[in-house]
2 protein chains.
Amino acid sequence: MDLDAVRTFVAAADAGQFQEAAAALSITQQAVSKRIAALEKDLEVRLFTRTARGAQLTVDGQALLPHARELLRVEKRADASVRPGRRALRVDVVSRRIAPAVLLQDFHRMHPEIELDVVALLRADVDEAINAVEVGTIDASFHAVAPQQHLPDAVRTARVIDEPHQLLVGPRHALANADAVTPAQLVGHRIWMPGIPPGTEVAGYFDELAAAFGLTIDFIGPVFGNEALLAEIADSSELATLVGERTRYLWPDSYDLRRIPVRDPALVYPLSLIWRDDNPHPALAEFRDYLRTRRPNPPNTEVWTPTWAQWAAPRS
Amino acid sequence: MDLDAVRTFVAAADAGQFQEAAAALSITQQAVSKRIAALEKDLEVRLFTRTARGAQLTVDGQALLPHARELLRVEKRADASVRPGRRALRVDVVSRRIAPAVLLQDFHRMHPEIELDVVALLRADVDEAINAVEVGTIDASFHAVAPQQHLPDAVRTARVIDEPHQLLVGPRHALANADAVTPAQLVGHRIWMPGIPPGTEVAGYFDELAAAFGLTIDFIGPVFGNEALLAEIADSSELATLVGERTRYLWPDSYDLRRIPVRDPALVYPLSLIWRDDNPHPALAEFRDYLRTRRPNPPNTEVWTPTWAQWAAPRS
DNA sequence: GGCGAGCCACAACCTTGTGTTGTGTGCATA
DNA sequence: TATGCACACAACACAAGGTTGTGGCTCGCC
C-alpha cells in the first residue's frame with residue numbers, strides 16, 4: 001500500500017472529485033486517476049463510483065477512509081518523532097515501569113497536544129545519558145545523578161522525584177499481612193532484584209542500601225522477564241522484591257501480590273532530570289514547568305537516601 | 001515516507017544486520033542498504049550505525065521504531081478493512097451515537113481479537129441497508145424493520161435492542177428536577193430533534209410518537225452539529241430533546257444537562273439486526289452469539305412502540 | 001433533441017526510481 | 001598480516017509513475 005496513493009484517496013474523498021483533489025495535490029487529474037486505480041487494484045476493491053460530476057465513495061471506500069486517515073496521522077507522528085529541528089520532545093527513562101514513565105503519562109494527559117516520545121536507552125549509564133543530552137539526540141533524561149558527576153557546560157540537572165520503595169510479596173510470605181515494615185524488619189529476608197546490571201547506578205544504590213541496614217539483596221539469576229519474577233514471588237514464602245511506589249505493574253489478580261510500604265525510614269530513590277540549558281525545544285520548557293509545579297506527596301516519615309544523594313534535600 | 005522502506009527498517013532493526021533482513025524480505029543486501037539510505041535521506045537523520053558485524057539502531061532509530069511498527073499495524077488493519085474474502089466484520093449503524101454503536105464497543109471489549117469495522121451509511125434507509133447486506137458490501141446492519149418489509153431470500157432480521165428514550169434538558173427547564181416523566185407530562189413542551197431527514201424510518205417513529213401522545217416534536221432547523229444542539233438545550237428553559245438510554249454523548253460538565261427517564265409507558269425504539277444467512281464470515285456468528293447471550297435490562301414499566309413494531313415482543 | 005461543459009479513463013511518451021550484479025572498503029578476528 | 005564478513009558505491013536494465021493529448025459519458029441548457 002503506497003502512502004501517496006492513500007493521501008490521494010483521502011484528498012479525493014474529501015473533495016468529492018478527482019479534479020479538485022489533483023489541484024490540491026499539485027498533480028494532474030490523470031495522475032490522481034492512476035493512483036486511485038492502482039490502489040483499487042492492489043486492494044482488489046472499487047473505492048469510488050465514478051459519475052459525470054465527480055467520484056463518490058463506495059461502501060468499501062467509506063470503510064477504508066478512517067483507516068486511511070489514521071495511517072496518515074501515524075505517518076505524521078512517525079515523521080515528527082525523528083525529523084531534526086521540529087521533532088517531538090524525546091525523554092529517556094531507564095525503564096517504562098518506573099516513576100518517570102508514570103510522570104510522563106500524566107504530563108501527556110495534561111497536555112495531549114504536545115508530541116512526546118518516551119525512549120528507554122536500556123542500561124545506559126549516566127555518562128551515556130549526559131552525552132546524549134549534550135549531543136541533542138535526546139532532550140531530557142531521568143537518572144540518579146551524584147553531585148561529583150562531571151557535567152558539560154550546557155548540561156543541567158535537578159532533583160525532581162524522590163521515589164519511595166515498597167516491598168512486593170506473595171500471600172505466603174511472612175510479611176504478607178503487615179501494614180508497613182521497617183528496613184530493620186527486612187534483615188534476614190531474601191530480597192531479589194534480578195536483571196539489574198552490575199556497576200550501574202541502580203546496582204550501586206541497592207549495594208549501599210544492603211550495607212546500610214545489613215540486608216540480603218540478590219541481583220543474581222537469569223532474567224526471564226518481569227512476568228516470571230512476579231510468578232516466582234507469588235509462589236514463594238521467602239522471596240520479596242522492592243518496587244517504586246508509583247510504578248505500575250500489571251499482574252493477574254490471582255497472584256494476590258501485596259505492596260507493603262517501607263517506613264522509619266522510607267527507602268527513597270532520588271531521581272534527577274538531565275537537560276541541556278540551551279535546548280530551544282518549546283515542549284522542554286513546558287515539561288520543566290510541569291515538573292516544577294506538581295506537588296510531590298511529602299513523606300511523613302524519615303527517609304533514607306544514599307550518601308551521595310544527601311548533599312541536597314529534594315525540592316518540596 | 002515509503003511503507004516498503006519502513007518495513008525494511010523494522011526488519012533490519014529486528015535482525016540487527018542488513019544481510020539477514022534482506023534474506024527475510026527476499027531482496028539483496030544492496031536493496032536493503034538503498035532503502036534505508038533513502039529513508040534516512042528523507043527523514044534527514046541517521047537511523048543505524050554501521051559496524052563490521054551488523055547495523056545498530058541510533059537513538060533516532062530507537063525513537064522511530066515503535067512508530068514504524070505502529071505504521072505497519074495500521075496498514076494491516078486498513079488492508080483488512082476492505083480486502084474481499086478476509087476483511088474485518090463490517091457492521092452498519094445509523095449513527096455512532098446510538099445504542100448499536102455502544103453495543104459494538106462492548107463487543108469489541110469482550111473480543112478484542114476480532115477485527116471490526118463500524119460504518120455509518122448516513123441516512124441510508126432500510127431498503128438500502130438490506131440491499132447492501134444482500135450484495136455483501138456490509139455484513140450486518142441495525143435498523144428498525146417493519147414486519148411487512150420485503151426481504152430477499154437469504155436475508156434475515158431479528159429484533160435485538162429495545163432502546164428506551166430519555167429526556168435531555170438543561171438546568172432551567174421546567175422538568176429539570178424531575179426524577180422521571182411520563183409522555184403525558186411532555187404535552188405542551190417543545191421537543192427538538194434536528195437533523196432527522198424527513199421520510200426516514202426515524203422520522204416516521206417520532207411522527208407516530210407525536211401523534212400517539214399529542215406531543216410537539218420539531219424536526220426543523222438547520223443542523224449545526226451536535227455540539228450546537230446541546231449548547232442550545234443547556235441554555236433554554238423550553239427546549240428538550242430525546243436521547244437513547246445507552247447513547248454516550250460528550251458534553252462539557254458546565255452545561256449541567258440532565259437525562260430524565262421516561263416511563264408509564266417507556267418510549268422504546270425497536271432495533272433489528274439485518275444479516276445474510278449464508279454469510280460465511282466467522283466473526284458474524286460470534287457477533288450474533290454475543291447478541292443472543294447478552295441480558296437486556298428488562299424494563300420495569302409499560303412500554304410504547306410504534307404500531308408496526310407491536311407484532312412481536314422483544315426477546316427477553 | 002442537439003450541444004457544450006465538466007469529469008474521468010485510456011494511450012503514448014518520457015523521466016525517475018528501484019532492483020540486480022559486480023566491486024570496493026573498513027573492521028574484527030585468527 | 002591475512003581472511004571473512006558486512007555494508008557502500010557504481011553501472012545497468014526495467015518498471016513505476018508523471019505529463020500531455022484524446023475520447024467517452026452524463027448532465028444541464030438552449
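## Chain A, chain B and DNA strand D

The side chains of A:Arg90 and B:Asp60 form a salt bridge, with N and O 2.7 Å apart. That value, like the rest here, comes from a predicted model. The A:Arg90 to B:Asp60 pair belongs to the interface of chain A and chain B. Four salt bridges are counted between these two chains. The interface also holds eight residue pairs in polar contact, with both partners at pLDDT 80 or more.

Which elements of chain A give two or more residues to the side that touches chain B? They are H3, helix H4 (59-82) and strand E4 (116-119). H4(A) gives the most, with 15 residues. By class, this side of chain A has 16 nonpolar, four polar and 11 charged residues.

Now the extent of the interface. Contact involves 31 residues of chain A and 31 residues of chain B. The size of an interface is often given as the accessible area lost when the parts come together. Between chain A and chain B, about 2,900 Å² is buried. Carbon and sulfur atoms give 63% of that area. Three residues, A:Met1, A:His67 and A:Val82, supply 19% of the area that chain A buries against chain B. No other three residues supply more.

Next, the DNA. DNA strand D is surrounded by 20 residues. The closest come from both chains: A:Gln30, A:Arg35, B:Phe18, B:Ser33 and B:Arg50. This surface has six nonpolar, eight polar and six charged residues. Chain A supplies at least two of its residues from helix H3 (29-43). In chain B, helix H2 (18-25), helix H3 (29-43) and strand E2 (54-57) each supply at least two.

What part of DNA strand D lies within 4 Å of the protein: sugar or phosphate, or bases? Of the strand atoms within that distance, 65% belong to sugar or phosphate, and the rest belong to bases. The table lists side-chain distances to both kinds of site.

| Residue | Atom of DNA strand D | Distance to a side-chain N or O / polar atom |
|---|---|---|
| A:Gln30 | base oxygen | 2.6 Å |
| A:Lys34 | base oxygen | 2.7 Å |
| B:Ser33 | phosphate oxygen | 2.4 Å |

A:Gln30 and B:Ser33 are also among the closest residues to the strand.

Last, the layout of chain A. The domain assignment gives domain 1 (3-82), domain 2 (89-160 + 269-300) and domain 3 (162-267). Domain 2 is thus listed in two segments. The centres of domain 1 and domain 3 of chain A, taken over C-alpha atoms, are 54 Å apart.

Terms used: Residues numbered from 1 in each chain as written. Chains lettered and ligands numbered in written order. Predicted model: local features only at pLDDT ≥ 70, side-chain atom pairs only at ≥ 80, totals over all residues. Heavy atoms only, no water. Domains from an automatic or database assignment. Near = heavy atom within 4 Å. Polar contact = N/O pair within 3.5 Å; in protein donor to acceptor, adjacent residues only side chain to side chain. Helix = DSSP H or I, 4+ residues; strand = E, 2+ residues; numbered from the N terminus. Nonpolar A, V, L, I, M, F, W, Y, C, P; charged D, E, K, R; others polar. Contact = heavy atoms within 4.5 Å. Buried area = accessible area lost by both parts, 1.4 Å probe.
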